There are 2 protein chains.
Amino acid sequence: MRKRTAFFVSDRTGITAEMLGHSLLTQFDDVQFNEVTLPFVDSIEKAHETVSRINQQGAADGVRPIVISTLARTEIAQVIGQANALYLDCFEIFISPLERELGLHASHAIGRSHRVSDFVDYHHRMESVNYTLSHDDGSSTRDLSDADVILVGVSRCGKTPTCLYLAMQYGIRAANYPLIPEDFSSMGLPSHLRPLRTRLYGLTILPHRLQQIRNERRPGSKYATLENCELEVREAEALMRREGIPYLDATSKSIEELATTILQEAKLLRRIY
Amino acid sequence: MRKRTAFFVSDRTGITAEMLGHSLLTQFDDVQFNEVTLPFVDSIEKAHETVSRINQQGAADGVRPIVISTLARTEIAQVIGQANALYLDCFEIFISPLERELGLHASHAIGRSHRVSDFVDYHHRMESVNYTLSHDDGSSTRDLSDADVILVGVSRCGKTPTCLYLAMQYGIRAANYPLIPEDFSSMGLPSHLRPLRTRLYGLTILPHRLQQIRNERRPGSKYATLENCELEVREAEALMRREGIPYLDATSKSIEELATTILQEAKLLRRIY
């Protein structure tokens, strides 16, 4: 297995650079990448320090590093460009065609995403996180009708992290409500949820996987037996089908995949922060 | 203000494309962008549907849209390239120089980031989210020594969303613990935190901003008065200085900025999922 160092360099948080860079590098299976994010490179002095660090790493590796960056200020990008590395700057590469298309010059102001630039937007996002935390696992039915979406499903099928991702990344007020054995025996939705049926979205999971997860939480409990997990999943799916609630199998999906699928299918606004 | 539609197209979640695209477009202040993410374009058929949608939007706008994409499969990228749009595909643009540098061909397998590709990694991340939720606001001191970092600060200064972001995005076990008036009068750290001093990181906030936030929660309370906010912030900062706890002003920083600054300064591992 070959080894290479990749640096993700940014004048702000580095989140965009590392996400794009990591995604590109996963296309090369035969190389083991040492991925290093260097955020807040926002002065000429820090740019020179960064060049030294890149060059030292290249000398230690015996092969030049790869640098993927998002640097809005041309002067900083030019300094980084002097490093002995394969240098790919997203701004340099994308801004020119965009300038030509729009007939405008880019402001080259340091990264504006991931900032509290629009206070109203940011406040909305934080309020959504608070709402989601206080409406986790059916903990509060107050203001449940303010939810943009309410995830339902058996205990430990992935509702909580999916809701948190929806709130943090997209400012969605995402409540979640467990489906429990009492709901199955009454053959119906919990009464709080009935008037909100159109906002419900279900998650389900393979019983074997559910058993693993529950067993880590409560080893040896009846709650964690395969038999019980099979029963709960079967009943919950039957209930969701009967009530016309769309649902998704969470077993092998990441929270990003679950969240973006729900956004798309429930036609929720995908705000970008 | 000119208006343009920008599409962020991806064969997976679209998160990378929309984050990069949004960040690039914020460089053009004079244009109002209608930003639309189209995820899961993972077949030739869906690619043709996407082209129709882009072309319809262009006809409605009277100007061709901008398309920024992350499409691993060349056949799908080629179909999208037929749309009447400025088309910038991150894979097409970046993969060639990476292939030349590495002397390898990219696998062109559909996006591998944001997937449950590595089960151990994904499990670690979900465990960190669970840990963070159960160690919010000093709610549990059990296993507090398992935390990678423990955020401290006055109530409502931004500890909770920052911890959640650290856990969700980077798999960090981030606990948080409020500093309350009793700690100030005892002139010391809460006893649970004393043995963990090296893992503490502080947040502070301007008293005026704290007052606004608290007043939305508990309007007219003593807790929300400017006088009380000033006192708490002053005492908390004095305590953190006395105890040698590094701290950061959260007033005008986003959770991404807070999280990445803490990762960097506390030298925590920045895992990329």
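**Entry 1. Ground rules**

Two strands pair if DSSP finds at least two bridges between them. I note early that this is a predicted model: local features need pLDDT of at least 70, side-chain atom pairs count only at pLDDT 80 or more, and totals for chains, interfaces and linings use all residues. Residues are numbered from 1 along each chain as its sequence is written, while chains are lettered from A and ligands numbered from 1 in the order in which they are written.

**Entry 2. The sheet of chain A**

I looked up the pairing of strand 5 (residues 149-153) of chain A and found five bridges to strand 6 of chain A, the two running parallel. (Strands are DSSP runs of E, at least two residues; helices are runs of H or I, at least four; both are numbered from the N terminus.) Within this pair, Val152(A) has Tyr177(A) of strand 6 as its bridge partner.

I then traced the whole sheet, which is open and has four strands in the order 6-5-7-8 of chain A, with parallel pairing. Strand 6 (174-178) and strand 8 (247-249) of chain A are its edges, each pairing on one side only. From one strand to the next, the twist averages 25°.

**Entry 3. Helix 6 of chain A**

What does helix 6 of chain A lie across? I found strand 5, strand 6 and strand 7 (200-204) of chain A beneath that question, with the helix running at about 170° to strand 6 of chain A. (Axes are lines fitted to C-alpha atoms, for helices over the stretch in contact; angles run from 0 to 180 degrees between N-to-C directions.)

I also checked helix 6 of chain A against helix 5 of chain A: their axes come within 8 Å and cross at roughly 165°. That makes helix 5 of chain A roughly antiparallel to helix 6 of chain A (over 145 degrees; under 35 is roughly parallel, 65 to 115 roughly perpendicular, the rest oblique). Helix 5 of chain A brings Ser128(A), Val129(A) and Thr132(A) to this contact, and helix 6 of chain A brings Cys163(A), Leu164(A), Ala167(A) and Met168(A). (Contact: C-beta atoms, placed from the backbone, within 7 Å.) I sorted these residues by class and got five nonpolar, two polar and no charged. (Ala, Val, Leu, Ile, Met, Phe, Trp, Tyr, Cys and Pro are nonpolar; Asp, Glu, Lys and Arg charged; the others, Gly among them, polar.)

**Entry 4. Chain A against chain B**

I turned to the contact of the two chains, which takes 58 residues from chain A and 58 residues from chain B. Among the elements giving two or more residues to the chain A side are helix 1 (15-25), strand 2 (31-38), helix 4 (90-102), helix 5 (119-134) and helix 6 (159-170) of chain A. By class, that side has 29 nonpolar, 18 polar and eleven charged residues.

How is chain A laid on chain B? A turn of 180° and a shift of 0.0 Å along the axis do it, with an RMSD of 0.0 Å. That is the relation of a two-fold axis. (Copies are superposed by least squares on the C-alpha atoms of residues with pLDDT of at least 70 in both.) Thr16(A) comes closest to the rotation axis of the residues of chain A, its C-alpha at 3.5 Å. The same surface serves both copies, as 100% of the contact residues of chain A recur in chain B.

**Entry 5. Helices 8 and 9 of chain B**

In chain B, I looked up helix 8 (residues 207-217) and helix 9 (residues 226-242), whose axes come within 9 Å and cross at roughly 125°. That makes helix 8 of chain B oblique to helix 9 of chain B.
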